[in-house]
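My notebook is open, and I am looking up one chain today. Here is what I am working from.

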Amino acid sequence: MVGKKVIAIGLDGAEPALIKKWSQQGLLPNLARLQEKGVLRNLQSTVDIANGTTWTSINSAVTPAEHGMVYYHRQLKTGTYQIRTKKYHENVCEPFWTHLSRQGKRVAIFDVPTSTAQKELNGIQVLSWGTRGEDGKDPYGVPNVPQEVYEKFGRHPFEHWQ
């Protein structure tokens, strides 16, 4: 796969049957083209464990047993029966794109849920254009969206959906 470009698109909450149907009907022409020229796979989700595991597992390429992120809102404090809040920025595993970046690959990371800003990234990372924390606020404290994103694409269409 030397010299090949890879793009991965995750559609959080999308119904695969509807994506396929609407692509075939011509309602999603860009996704239809990507499916024709690439590979489309349905995720075998970790959601049976808890809803906080899926994106962290995708981003870090390890299982919840390794990254330890089970449910962000409530999790048992290690060694006790006390409930504590655990946030995704506590994930100790690096996202896969930092490994690619260190190997000299250019990466573009755009609004990947449960990701945090990576230092010394060989490429670009946009945080918080459309993703929000559980409370509906920017999950990183301050927005990390370059002004040119707003100039070219505007505000996110579902910016205030919570």
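**Notebook: contacts, cores and a patch**

I began with contacts (heavy atoms within 4.5 Å): of those in the chain between residues at least 6 apart in sequence, 31% join residues at least 24 apart.

A note on the source: this is a predicted model, where local features need pLDDT of at least 70, side-chain atom pairs count only at pLDDT 80 or more, and totals for chains, interfaces and linings use all residues. Residues are numbered from 1 along each chain as its sequence is written, and side-chain values use heavy atoms, leaving out hydrogens and water.

Next I looked up burial, where buried means under 20% relative accessible area, exposed over 50%, and partly exposed in between (1.4 Å probe, protein chains only). The chain has 162 residues, and 29% of them count as buried.

Then I looked for nonpolar cores, sets of buried Ala, Val, Leu, Ile, Met, Phe, Trp, Tyr and Cys residues joined through side-chain atoms within 4.5 Å. The largest one has six residues: Trp 55, Trp 97, Val 107, Ile 109, Val 112 and Leu 121. Another core, of five residues, lies apart from it and includes Val 126, Trp 129, Val 145 and Val 149. I jotted down that nonpolar side chains tend to be buried together in soluble globular proteins.

Last, I checked Leu 34, which sits in helix 2 (residues 29-37); helices are DSSP runs of H or I with at least four residues, numbered from the N terminus. Is Leu 34 buried or exposed? Leu 34 counts as partly exposed because its relative accessibility is 40%.

Key. Helices (H or I, at least four residues) and strands (E, at least two) are DSSP runs, numbered from the N terminus.
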